[in-house]
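Thanks, everyone. I'll go through one structure today, with the sequence and the coordinates on the screen, and keep to what can be computed from the atoms.

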Amino acid sequence: MTRIAFLVLVMLALPAAAQYPTKPIRLIVSFPPGGIADITARLISPRLAAALGQPVVVENRTGSGGNIGTEFVAKAPPDGYTLLIAPPPVAINVSLYKTLPFDTRKDLAPIARLGGTTNVLVVGPKTTAKDVRELIEQGKRNPGKLNFASNGNGTTIHLSGELLKLYAGFDARHIPYRGAPAAMAALLAGDVDFMFDALPPSAPHIKAGRVRLLAVTSRERQAMFPDAPTLVESGFPDFEVNSWVGLMTTGGTPLAIIARLEGELRRILADPEAIAAFEKTGMTVKFGGGQEFGALLDSEIRRWALAVKHSGAQAD
C-alpha cells in the first residue's frame, strides 16, 4: 500500500478515530508476569492510558507458547479495544506449530515496534563454569548430561540454547518451563545447569549474584554489564540474537484508530522519562511505526522458520 493510499483510508475512517476511545482498553500479554512482554506492558499501560484518557488494563492470558493470548486478540472485535504485546514468539509460532487457529499476518494488525533487548547466557549456583569456554568443555566431557531451561519450545530463549549446541558442537538436554520466571526458578534451585534469558528479568538475579552471567547474545556489549563478553567475542561470529517487543491489535481495525495509537506511542516513547524507564530494566526504546513493524514481522517469520527447521523443534 502506498503512503498516499494509506492516508486516504485514514481520512475516510476519521470519525471512528475522533471518538476513540470511549471505554477501557484491554492490553493482552500472552506470557506470565515477569518476562519481557509483561515488563513492557507495565511500562506502556499507564502512559498510554494517560494519553488516551481511558484505562489500559493489562491481562495475562498465557499458554500454548503465547498462542492463547494471541488468538484472543486475533478473534476480538476489530475496534481497537483489545491490544496485544507482541514478542518474537508471535513470529516463531508461525513455523513452530503445524496449525494455528488464526493467521498471524491477516488476523492481527501491527501498530508499532516499542523496544528491544538482548538475551543473556547465565548459569546457576551448581554450575562451576566461569565462562563460555568452560561451559562448553563441561558439555563435551559429559555428553547429554548438561541441561538448560527455557520459557517454552520454540522461543528465542530455547532456540538460543539450540544455536549454542550447534555452533559449539556439544549436546545438552532442553527442559521447557511455563514462562521465563519458572525457568529462572529452576536455575536458581539448581535443577538445570544454564539458560538463556532476556536481559531485563535476569538483571536483578545477576546483580544479586544469584546467577553468573557468561555472555550476551547481542553483537555489542551491554552498558548494564560492560564486563560481560558477547558470544561473538567468545568465538561464535554468527551468534547474534536480539529480542523485540511490539504492539498489535485485531486485523480489520480501522486504520485511523491504528494511526491514533501509533502516534500516541511515538510521542510516549520520545519522552526522556519513558526512555529512562525502559533502560532501567535493561531494554532499549526502538520505536517503529506500523508499516516498519509489519516488515520486521515478515523478516522474523522467515528467519525463525529456518532456525525451527534446523533445530527440529515442533509443537502441537
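I'll begin with one residue and its contacts. Leaving out residues up to four places away in sequence, Thr156 touches Pro88, Ile92, Asn119, Val241, Ser243 and Trp304. Please keep in mind throughout that this is a predicted model. Thr156 belongs to helix α7. Is Thr156 buried or exposed? Its relative accessible area is 6%, and because the cut-off for buried is under 20%, Thr156 counts as buried. There is also a distance to note for Thr156: Val123 is 33 residues away in sequence, and the two C-alpha atoms are 17 Å apart in space.

Two other threonines can be described in the same manner. Thr82 sits in strand β3, residues 82-86. Thr82 is buried, with a relative accessible area of 6%. Which residues is Thr82 in contact with, leaving aside neighbours within four places in sequence? They are Arg26, Ile28, Phe72, Val73, Ala76, Met248, Thr249 and Thr250.

Thr127 is in a loop, the one between β4 and α6, where α6 covers 132-141. Thr127 has 3% relative accessibility and so counts as buried. With neighbours within four places in sequence set aside, Thr127 is in contact with Leu135, Gln138, Asp193 and Arg212.

Now the strands. β4, residues 108-123, is joined to β8 by 4 bridges, and the two strands run antiparallel. Within that pairing, Leu121 stands opposite Ala215 of β8. How much of β8 is buried? Strand β8 spans residues 212-216, and 4 of its 5 residues are buried, which leaves the strand mostly covered. One general remark belongs here: in a regular strand, side chains alternate between the two faces of the sheet.

Next, the cavities. How many are there of 30 Å³ or more? The count comes to 2 cavities. The largest has a volume of about 210 Å³. There are 20 residues lining the largest cavity, and the closest to its centre are Phe31, Ile36, Pro87, Asn151 and Ile157. Elements that give two or more residues to this lining are α3 (36-52), α7 (156-168), α8 (180-188) and β7 (194-198). By class, the lining of the largest cavity divides into 12 nonpolar, 7 polar and 1 charged.

The second largest cavity holds about 30 Å³ of space. Its lining is made up of Ser30, Phe31, Gly65, Gly66, Asn67, Thr70, Pro89, Val90, Asn93 and Phe102. Two or more of those residues come from each of α4 (67-74) and α5 (89-96). Which element gives the largest share of this lining? That is α5, with 3 residues. The classes here are 4 nonpolar, 6 polar and no charged residues. Phe31 turns up in both places: it is listed among the residues closest to the centre of the largest cavity, and it also lines the second largest.

The last topic is charge pairs. A search of the whole structure finds 16 salt bridges. I'll show three of them.

In helix α12, residues 290-311, Arg303 and Glu300 lie 3 residues apart, about one turn of the helix. They form a salt bridge, with the closest N and O atoms 3.3 Å apart. Arg303 is partly exposed, with a relative accessible area of 33%. Glu300, at 6% relative accessibility, counts as buried.

There is also a network: salt bridges that share partners join Arg26, Glu59 and Arg61. Within it, the side chains of Glu59 and Arg61 meet at 3.3 Å, N to O. Arg61 counts as partly exposed, at 30% relative accessibility. Arg26 has come up before, as one of the residues in contact with Thr82.

The third pair is Glu71 and Lys75, where the closest N and O atoms of the salt bridge are 2.7 Å apart. What is the exposure of Glu71? At 24% relative accessibility, Glu71 counts as partly exposed. Lys75 has 53% relative accessibility and counts as exposed, because the cut-off for exposed is over 50%.

That is the end of the walk-through. I'll take questions now.

Key. Residues numbered from 1 in each chain as written. Predicted model: local features only at pLDDT ≥ 70, side-chain atom pairs only at ≥ 80, totals over all residues. Heavy atoms only, no water. Buried < 20%, exposed > 50% of the residue type's maximum accessible area, 1.4 Å probe, protein only. Pairing = 2+ DSSP bridges. 1 Å grid on protein atoms, 1.4 Å probe; cavity = no way out; pocket = protein on both sides within 12 Å on 5 of 7 lines; lining within 4 Å. Points joined across faces, edges and corners; volume = space filled by probe spheres on them. Nonpolar A, V, L, I, M, F, W, Y, C, P; charged D, E, K, R; others polar. Contact = heavy atoms within 4.5 Å. Salt bridge = Lys/Arg side-chain N within 4 Å of Asp/Glu carboxyl O.
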